[in-house]
Amino acid sequence: MPSLNLPAQGGCRCGRVRLRITAPPLLTMACHCTGCQRMSASAYSLSAAIPSEAFAVTEGEPVIGGLHGASRHYFCPHCMSWMFTRPEGLDWFVNLRPTMLDDPGWFTPFVETWTSERLPFAATPAVHSYAALPAMEEYGALMAEFAQALAKGAFAAGGSAG
């Protein structure tokens, strides 16, 4: 599996909105909720939680789409690619859709959420699985475990789970 090479560049399908990340993700995820299924037109959405200070839009101006609610989902205004989300009250990270990166081959979800809404055929190699969301107090341990796996080259940005 390829490694995540930083800084990493990316953009929407049409290329009018471009972005850059300069740090590895804090956590990688797959969300099976019906909202993500509908917004991604897929069985689940993929996310890489990038520290806010390591994320930048470098070209173009994304627009808010989705439900226009507390969590702000950003899309390209031209091709309407769902690029990233800024969850309400969690300003210290950005949930990047990793397939927006020019080379997403390093990505593997470490956590999967909302498996209670999972389509019957949709399986991921995630290490941790939740019927809904992990409890807020679990995220620290999940991020520490993920960082440890990255450091060992055993997951996502440096190897494969296993």
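A residue is taken here as buried when its relative accessible area is under 20%. The model examined is a predicted one, and A54, with a relative accessible area of 7%, therefore counts as buried within it. This residue is located in the loop that connects β4 to β5, the latter spanning residues 55-59. When residues up to four places away in sequence are set aside, the contacts of A54 are with R20, I21, T22 and A23. With respect to I64, A54 is separated by 10 residues in sequence and by 21 Å in space, C-alpha to C-alpha.

The strands of the model include an open sheet of 8 members with mixed pairing, in which the order is β6-β7-β8-β9-β4-β3-β10-β11. The edges of this sheet are formed by β6 (63-65) and β11 (128-129), each of which pairs on one side only. Within the sheet, β4 pairs with β3 in the antiparallel sense through 5 bridges, and β4 also runs antiparallel to β9, to which 4 bridges join it. Individual positions along these pairings can be specified: L27 has A49 of β4 as its bridge partner, C31 stands opposite S45 of β4, and I50 is placed opposite V94 in β9. Of the 7 residues of β4, 6 are buried, so this strand is largely enclosed by the rest of the structure. As a general point, side chains in a regular strand alternate between the two faces of the sheet.

The helix α2 lies across β3, β10 and β11, and its direction makes an angle of about 115 degrees with that of β3. Strand β10, comprising residues 111-113, contains T113, which is buried because its relative accessible area is 6%, a value to be read against the cut-off of under 20%. Beyond its neighbours within four places in sequence, T113 is in contact with A30, C31 and H32, and also with Y130, A132, L133 and P134.

Turning to the open spaces of the model, the largest pocket encloses about 860 Å³. Its lining is made up of 34 residues, among which C31, S71, P87, N95 and L133 are the closest to the centre of the pocket. At least two lining residues of the largest pocket are supplied by each of β3 (27-31), α1 (34-40), β4 (45-51), β8 (82-86), β9 (93-96) and α2 (139-151), and the largest share, 5 residues, comes from α1. Classified by residue type, the lining of the largest pocket consists of 22 nonpolar, 10 polar and 2 charged residues. C31 thus appears in several of the descriptions given above, as a residue opposite S45 in β4, as a contact of T113, and as one of the residues closest to the centre of the largest pocket.

The second largest pocket has a volume of about 230 Å³. Its lining is formed by M39, S40, S42, Y44, S45, L46, S81, W82, R97, T99 and M100, with α1 and β4 each contributing at least two of these residues. By class, 5 nonpolar, 5 polar and 1 charged residues line the second largest pocket. S45, which lines the second largest pocket, is also the residue of β4 that C31 stands opposite.

Terms used. Residues numbered from 1 in each chain as written. Predicted model: local features only at pLDDT ≥ 70, side-chain atom pairs only at ≥ 80, totals over all residues. Heavy atoms only, no water. 1 Å grid on protein atoms, 1.4 Å probe; cavity = no way out; pocket = protein on both sides within 12 Å on 5 of 7 lines; lining within 4 Å. Points joined across faces, edges and corners; volume = space filled by probe spheres on them. Nonpolar A, V, L, I, M, F, W, Y, C, P; charged D, E, K, R; others polar. Buried < 20%, exposed > 50% of the residue type's maximum accessible area, 1.4 Å probe, protein only. Contact = heavy atoms within 4.5 Å. Pairing = 2+ DSSP bridges. Axes fitted to C-alpha atoms, helices over the stretch in contact; angles between N-to-C directions.
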